[in-house]
Amino acid sequence: MSENRNTIIAIVLSALVLIAWQYFYNIPQMEKDRAAQQAQSELAKSQKESSEAAPNSPTPGQPAAKSAVVARDVAIASKPRVKIHTPRLSGSLSLTGARIDDLLLTKYRETVDPASPAIELFSPSGTANPYYAEFGWVPATGSTVRVPDRDTPWQQEGSGALTESTPVTLKYDNGEGLTFRRTISVDDQYLFTIKDEVSNTGSAPVTLYPFALISRHGTPQVSGYYILHEGLIGYLGDQKLQEYSYKKIDEAKSVSFDVTNGWLGITDKYWAAALLPDTSARLQARFSSDQAGSVKTYQTDYLEDARTIPAGGTGSVSTRLFAGAKEAGVVGLNFPLVELGGYNKQLGLNHFDLLIDWGWFYFITKPMFLALDFFFHVFGNFGVAILVVTVLIKLVFFPLANRSYASMAKMKAVQPQITALKEQYPDDRMKLQQEMMEIYKKEKINPISGCLPMLLQIPVFFSLYKVLFVTIEMRHAPFFAWIKDLSAPDPTHIFNLFGLLPYDPSVVPLLGPYLAIGAWPIIMGITMWFQMKLNPTPPDPTQKIIFDWMPVIFTFMLAAFPAGLVIYWAWNNTLSVIQQSYIMRRNGVKVELFDNVKSTFRRKPSDNPAKKTT
């Protein structure tokens, strides 16, 4: 086994990881963009709504008549409403059907420009992308009791907007002895609490089933990455975490669960809406997909056990709705010794922290986020936090890396002996390997140890990529200068001289995605090139070509990755060069970095065939 072979193995392993990320990063994006364009054209057609259902069905909705698409402000103005205004939310709830169907997340904007529109979460029926939450009661099978539905006109008791300090109470009298009251409150974050009461002034008891649903019309545009779940989600009692992408639920049509202690909803990359019933409630829950015309609809809903309201009596039920940004401190984050409680702990929910997709390697991604978040609060900049965490990771692995670099330094010291052996046994590879292993044994060199520094980067690389990609805290987080969003690729392009030329090379057909090479990917490539040049030139021409081109390949591959990840890689390379140079000097090995760099640009004399024959 040769030292160069082991180094190449390490490089190939890292390259395979990066190629895999590239495969799941660029190709799905282009496919989803095309799908999104098709979906948008479909959304201009008919829509559907929900209405009553039997109590033994988890869904209180069935397709309604088609309706024309109208502008959002027109749909909002077409029905009487109660304003919603909190530090993080604005919008309204409709008095027709008492739906929560108009929500904007005022803390978050569509772009890095603070003047850009606020993120739209919920939208009323009749718009291009209806998305709403609905609550109510379903009568028993065969009952003729009239309950409020999507068209019911509710009346507000009192006046004023729904704020974190002023709940809103709505009332509906069915004219048959039942009076329905709904009290809606909201906190200063993203949690709505809905309390439904039914007063029975009739002469006979009435049996009703509480329900809640979240409905979304039209297949939304998703990021389309393998490492991120977007779609229907829930943690449903002993059936644990259930995740259905839009494609998966389209194939299944309907999936039912009979559980206790569960929650369910619909999640996007950064935003989510989730139903949070009482943890002791028994639920007939369901994920479903339906279609009205050419428009698909998606719904998560549940029925609770029946409530019987005696004559002259009152029945009630309470539930909650999360509708907002998936902030770790708000949703919650469970990890040994360190915890961000959030709603998960505050409400005693069942693994609500899994609303954020930490992935299978949560034991790496969670502590990575916690570390970044801690240093962000210290320095006020996530980019600086990445630099500090990289240094800490280097310190944690310092003893292991030292042994590895020391072994590499010894291998470099015996390089003349290895070269002599290759000249002595040019055609006997078996004998060459035996003699090399004898040298390694004598000098106490472990050839495989040279792989460790690069292999150690893979889990760190993955965890940082995951954190940058899925956590909203990283969204639109600036670094310095031109990096305004660490979760997005470097916006500069070398092929337009970093903005000096008035065109965007990334829009060039076919080649565009490969021309988006920003300043930080180039910095990363240079640092990687220096790291390669720290070692002597491989004697094998093929290996030399691989080493020479590896920084260029990585530069192009990482150009499409989040800027924060590229900054980490460049900084890590720089620290590795410093660390390896120090260890080589300490082991009495000459640091040939600058000599090797100079030799790259030095014109080499051509071989003289006459000398080879003498």
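This passage describes a sheet, a buried strand residue and several aromatic contacts in a predicted model. Local features need pLDDT of at least 70 and side-chain atom pairs count only at pLDDT 80 or more, while totals for chains, interfaces and linings use all residues. Residues are numbered from 1 along each chain as its sequence is written, and side-chain values use heavy atoms, with hydrogens and water left out.

Nine strands (E runs in DSSP of at least two residues, numbered from the N terminus) form an open antiparallel sheet in the order 6-7-8-9-19-15-14-11-12; two strands pair if DSSP finds at least two bridges between them. Strand 6 (155–157) and strand 12 (241–245) each have a single partner strand and stand at the edges, so one side of each lacks a neighbour in the sheet. Within the sheet, strand 8 (residues 178–186) and strand 9 (residues 191–200) are joined by nine bridges. Val186 is placed opposite Phe192 of strand 9.

Ala292 belongs to strand 16 (residues 282–292). Its relative accessibility is 7%, so Ala292 counts as buried (under 20% relative accessible area, 1.4 Å probe, protein chains only).

The structure contains 25 aromatic pairs, defined for rings of Phe, Tyr and Trp (its six-membered ring) with centres within 6.5 Å. The Trp358 and Phe369 rings have centres 5.5 Å apart and planes at 55 degrees, so this pair is tilted (neither stacked, under 30 degrees, nor edge-to-face, over 60). Trp358 is buried at 2% relative accessible area, and Phe369 is buried at 1%.

Methods
Helices (H or I, at least four residues) and strands (E, at least two) are DSSP runs, numbered from the N terminus. Buried means under 20% relative accessible area, exposed over 50%, partly exposed in between (1.4 Å probe, protein chains only).
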